[in-house]
Amino acid sequence: MKLHFHTICLILIVLSSCSAPKPVKGIEERRQQHLDVFLDLLRNNDAAGLAKLVHYPLSRGNPIPNVENEADFIRRYDTLLDSEFRKTLVQTTWDSTNTMESNDRFMLGSGEIWLDYEGKIIAINHQSPAESQLQKAIQTKMLIAIHPDVEPWQHNLKVCETDKFLIRLDEMAGGDLRYVSWSKPKTFKDKPDLILVGGESQQQGTMGGFTYTFKNEDWTYVIDEVQMAESDEDIGLFLRLRQGEGDEISARCTEIK
C-alpha cells in the first residue's frame, strides 16, 4: 500500500505532537493551582474537604492500618496531619523552587506530601508523634503474639501471604534485613519454617518499588514490589524463588498488616 506525501507528513506531525514534552509553564500553573487548593483546605482545617482529595487507600508505615476511605481520613486527621506539621506547611511559600516533579506527580519539600497532577494526595510520608506512639504500641502487641524465635525488629517492611506461605520482612536494629516464612496453615504464633538474615534491598527507580533478595545455600528468595510495569498483571507484590540457575517460581503476594 502506497502512502501519499501529504499523508506521511500528517502522520509525522501527529507523532511529533504526541511525544512532545508538556509546556513547562502549563505544568507549573497547574501544580500551583493544586497547591493553592490543598493549602487553603489545610489553612481552614477542613478535614472533610481534604478527605475528598485523597487517593485511597493511603498507605501508612507497618503495622499501622492504611487509611481506607474518607470517613477513616477524617477520624485520623489530627494523627496524620498534626498541628505543628500543618503550621509548617501553611506558613511555607510553596512554588516551583521547593516542589519537585517526578512521573507526573510532585512532592513538597523532601517528600513529606505527594500530589498527582489531578490534585489528589497520593502519599503522606510525615509521621506525627501520635502515630509514632501508635506504631510502637501495635508492634508491642505483635511481639507478644508472635513466636519467640522471631526476635524483636527495628522496622517492619512487609507482611504478606501467598497461597502457601506467610512472610515477614523486617529491618533489624543493626540494619540487617530479615526474611521469615511460615508454611500454611501455620500462623505467626507457630515456629517459623525459615529465618534468613542479611538480605539486600534495591530500589527500582523513583516510583518503581523495592526488590528484597535473600540467599539460602543455592536458593534465592526475592520479594519483588513492582509499582510500574507494562501491564496491570505485572504490578504488585511477588515472591520469586529460584534454585541455582534453575527456572524461577513466582507467586503473587497479598500484603497484610
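The following exchange asks on what grounds several features of this predicted model are named as they are.

Reader: What kind of model is this, and which conventions apply to its numbering and values?

Author: This is a predicted model, in which local features need pLDDT of at least 70 and side-chain atom pairs count only at pLDDT 80 or more, while totals for chains, interfaces and linings use all residues. Residues are numbered from 1 along each chain as its sequence is written, and side-chain values use heavy atoms, with hydrogens and water left out.

Reader: What is the mean pLDDT of the protein chain, and over which residues is the pLDDT below 50?

Author: The pLDDT, which is the predictor's confidence in each residue on a scale from 0 to 100, has a mean of 87 for the protein chain, and 88% of the residues reach 70 or more. Over residues 1-24, however, the pLDDT is below 50, and this stretch has six contacts in the model beyond near neighbours in sequence (a contact means heavy atoms within 4.5 Å). Where pLDDT is low, the predicted coordinates should not be read in detail.

Reader: Why is Q139 called buried?

Author: The relative accessible area of Q139 is 15%, and buried means under 20%, exposed over 50% and partly exposed in between, with a 1.4 Å probe and protein chains only; Q139 therefore counts as buried. Q139 lies in helix 7, residues 129-145, where helices (H or I, at least four residues) and strands (E, at least two) are DSSP runs numbered from the N terminus. Leaving aside residues up to four places away in sequence, Q139 touches P63, W153 and Q154.

Reader: What makes the contact between K191 and D149 a salt bridge?

Author: A salt bridge is a side-chain nitrogen of Lys or Arg within 4 Å of a carboxyl oxygen of Asp or Glu, and the closest N and O atoms of K191 and D149 are 2.4 Å apart, so the pair meets the rule. The two residues are 42 apart in sequence, with K191 in the loop between strand 7 (177-183) and strand 8 (194-197) and D149 in the loop between helix 7 and strand 5. At relative accessible areas of 49% for K191 and 32% for D149, each is partly exposed.

Reader: How do you know that K158 and E225 tie together distant parts of the sequence?

Author: The side chains of K158 and E225 meet in a salt bridge at 3.0 Å, N to O. K158 lies in strand 5 and E225 in strand 11, so the pair ties together parts that are 67 residues apart in sequence. Both K158 and E225 are buried, and both are among the residues nearest the centre of the largest pocket.

Reader: Which element supplies the largest share of the lining of the largest pocket, and how do the lining residues divide?

Author: Helix 7 supplies the largest share, five residues, of a lining that has 48 residues. These divide into 17 nonpolar, 21 polar and ten charged. About 1,900 Å³ of space lies in this pocket.

Reader: Which proline is joined to N62 by a cis peptide bond?

Author: N62 is joined in this way to P63, with omega about 0 degrees, and P63 lies in the loop between helix 3 and helix 4.

Reader: Why is E217 called exposed?

Author: With a relative accessible area of 79%, E217 is exposed. Its place is in the loop between strand 10 and strand 11, and its phi is near 55 degrees, a positive value in a residue other than glycine.

Key:
On a 1 Å grid over the protein atoms alone, a cavity is a set of points where a 1.4 Å probe fits but cannot get out, and a pocket is an open set with protein on both sides within 12 Å along at least five of seven lines; lining residues have an atom within 4 Å of a point. Grid points are joined across faces, edges and corners, and a volume is the space filled by probe spheres set on the points. Ala, Val, Leu, Ile, Met, Phe, Trp, Tyr, Cys and Pro count as nonpolar, Asp, Glu, Lys and Arg as charged, and the others, Gly among them, as polar.
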